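Subject: Handing over a structure, with notes on what was found

Dear colleague,

I am passing on to you the structure below, together with some notes that I hope will help you find your way around. Please open it alongside this message and read the two together.

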Amino acid sequence: MTPAEGPAVLSAEDLAVDHTLAMLSSGIRFILDVTPVDAEAHRAEFLAGTVKEPPFRYRELDADPDVLDAQLDHVALDRVGDPTLGDLLRRKHREMKLQLEMLRARGTADFRALSVELYGAVGPTLRGQAQDLVARLDVAGQPGDMLTAEEFLALAEAEIETYREDDPDVGIHAEVRPDVSGVLVEGSTLLISETAAVAAVRGDALLQHEVGTHLVTQVNGSGQPVKTLGEGLAGYDETQEGLAVLAEVGCGGLTPFRLRQLAVRVLTVHRMLSGASFREAHAALVADGVPAGTAYTTVMRVYRSGGLTKDAIYLRGLLDLRDHLAGGGTLDLLFLGKFALRDLPLVQDLHDRGILRPPRLTPRWLRDPRAVTRLHEVAGTDDLTTLTKGLG
């Protein structure tokens with residue numbers, strides 16, 4: 001592209017299809033809708049041994065999957081003229097169809113099979129990596145002082161404020177809710193369970209994971225002409241979670257406890273797919289030295305709605321990005337929005353043609369010169385335990 005030519009422009013018709021998919025995607029609260037609203041209420045009775053598997057309850061779906069499905073059927077994908085955008089939008093369309101099918105199948109055996117289609121299973125190489133980490137990581141007891149939900153909310157609000165100094169118009173915020181589990185991002189909001197307890201040593205790392213990755217890429221993606229980059233293109237979760245764990249490494253906050261957590265999630269997904277019961281999966285984690293309460297949360301996350309394999313993607317995404325960096329790849333374009341590493345060449349094409357805009361926000365952790373050194377360490381290691389050195 002020469003300066004006289006100027007940037008390429010997508011047609012109004014192409015952008016209309018993209019915007020429609022982004023709008024429909026924003027109506028699917030997938031993780032919220034497949035996560036029990038009463039996980040904490042069942043914790044004590046499960047740990048006391050009075051139930052084999054908690055009878056979880058799920059929220060009423062905010063949007064009717066059949067209505068959303070019918071709307072998707074009317075999206076004119078065949079009229080997208082730009083081949084790169086058309087490829088990305090067709091994949092997004094298929095993924096949304098699959099998510100709606102999973103929402104209809106909550107609590108059934110079909111949900112588990114559909115989850116494997118969406119997030120994949122656990123292959124022998126990934127399982128071997130996880131087993132090796134669990135065997136070799138030295139995790140000494142509980143992670144120390146804990147932050148309450150309100151204390152972590154105050155940290156999150158201060159973190160978000162640093163980004164408002166860069167761009168006063170960023171529409172992100174954090175809130176404490178009684179109907180969520182743990183800490184998660186939904187759209188432009190950081191949701192914190194009112195019963196959340198965050199290890200103080202993990203506070204900054206969790207902020208860089210949730211705010212410095214998930215919310216930053218949501219802002220950057222929403223500011224693009226291609227709005228699906230804000231909602232997330234097909235398969236974005238694995239790269240997003242890998243990038244978020246890299247943020248934990250970059251800020252010096254990946255602890256042995258946290259790395260083992262990512263590994264035992266992989267093993268729990270494998271056990272679930274191999275037929276282990278909720279109680280059996282929990283017992284296996286306790287036998288591996290995971291505290292009973294922590295093990296309950298891990299198993300709940302994997303067995304929710306009938307079996308969600310998403311938790312295997314954190315470690316897999318980290319390993320994929322390690323290989324990407326080792327091969328000379330960079331992270332720059334990955335902060336333009338939410339998309340899978342496999343789609344980087346397509347996003348690169350849109351970027352090189354001048355269709356995409358510069359990011360509105362740069363992650364705070366990435367501004368630290370020490371983060372560059374730590375990313376070089378990631379690229380140069382086959383042993384992830386070295387990334388936790390000096391941390392308890």
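Before the helix pairs come up, one convention is needed: the axis of a helix is a line fitted to C-alpha atoms over the stretch in contact, and the angle between two axes runs from 0 to 180 degrees between their N-to-C directions. Please also keep in mind throughout that this is a predicted model.

With that convention, helices H4 and H5 pack at an angle of about 160°, with their axes 10 Å apart. Since angles over 145 degrees count as roughly antiparallel, H4 and H5 are therefore roughly antiparallel to each other. H4 passes H5 in a left-handed crossing. On the H4 side the contact is made by Pro65, Asp66, Leu68, Asp69, Leu72 and Asp73, and on the H5 side by His93, Met96, Lys97, Leu100, Leu103 and Arg104.

Charged residues also connect these two helices. The side chains of Asp73 and Lys97 meet in a salt bridge, with 2.4 Å from N to O, and this pair links distant parts of the chain, given that Asp73 sits in helix H4 (residues 65–73) and Lys97 in helix H5 (residues 83–104), 24 residues apart. Asp73 is exposed, with a relative accessible area of 52%, whereas Lys97, at 24% relative accessibility, counts as partly exposed. Both residues belong to a network of salt bridges that links Asp66, Asp69, Asp73, Lys97 and Arg104.

The second helix pair to look at is H12 and H14, which pack at an angle of about 45°, with their axes 10 Å apart. H12 and H14 are therefore oblique to each other, and H12 passes H14 in a right-handed crossing. The residues of H12 that make the contact are Phe257, Val264, Arg265, Thr268, Val269, Arg271 and Met272, while those of H14 are Thr294, Thr298, Val299, Arg301, Val302 and Tyr303.

Arg271 has a further partner, for the side chains of Asp288 and Arg271 meet in a salt bridge (3.4 Å, N to O). Asp288 lies in the loop between helix H13 (278–287) and helix H14 (292–303), and Arg271 in helix H12, so this pair ties together parts that are 17 residues apart in sequence. With a relative accessibility of 31%, Asp288 counts as partly exposed.

By the rule used here, the count of salt bridges comes to 30, and one more of them deserves a look. Are the side chains of Glu248 and Arg202, which form this salt bridge, buried or exposed? Glu248 counts as buried at 0% relative accessibility, and Arg202 is buried as well, with a relative accessible area of 11%. The side chains of Glu248 and Arg202 meet at 2.7 Å, N to O. Glu248 lies in helix H11 (residues 236–250) and Arg202 in the loop between strand S5 (198–199) and helix H9 (203–222), so the pair ties together parts that are 46 residues apart in sequence.

Turning to the nonpolar interior, the largest core has 97 residues, and those with the most contacts inside it are Phe30 and Leu331. The largest share of this core, 9 residues, comes from helix H12 (residues 256–273). Leaving aside residues up to four places away in sequence, Phe30 touches Gln99, Met102, Leu103, Leu118, Tyr119 and Leu308. Apart from this core lies another, of 23 residues, among them Leu153, Val183, Val185 and Val211.

Finally, here are two residues with which to compare sequence and space. Leu319 lies in helix H15 (residues 313–326) and is buried, with a relative accessible area of 9%. Leu319 and Ala379 are 60 residues apart in sequence and 9.8 Å apart in space, C-alpha to C-alpha. Not counting residues up to four places away in sequence, Leu319 touches Leu126, Gln129 and Leu384. Ala41, by contrast, is found in helix H3 (residues 39–47) and is exposed, with a relative accessible area of 60%. Ala41 and Leu98 are 57 residues apart in sequence and 30 Å apart in space, again taken from C-alpha to C-alpha.

With best wishes

Definitions and conventions. Residues are numbered from 1 along each chain as its sequence is written. This is a predicted model: local features need pLDDT of at least 70, side-chain atom pairs count only at pLDDT 80 or more; totals for chains, interfaces and linings use all residues. Side-chain values use heavy atoms; hydrogens and water are left out. A nonpolar core is a set of buried Ala, Val, Leu, Ile, Met, Phe, Trp, Tyr and Cys residues joined through side-chain atoms within 4.5 Å. Buried means under 20% relative accessible area, exposed over 50%, partly exposed in between (1.4 Å probe, protein chains only). Helices (H or I, at least four residues) and strands (E, at least two) are DSSP runs, numbered from the N terminus. Contact means heavy atoms within 4.5 Å. A salt bridge is a side-chain nitrogen of Lys or Arg within 4 Å of a carboxyl oxygen of Asp or Glu. Angles under 35 degrees count as roughly parallel, over 145 as roughly antiparallel, 65 to 115 as roughly perpendicular and the rest as oblique. A crossing is left-handed if the near helix is turned anticlockwise from the far one by less than a right angle, and right-handed if clockwise.
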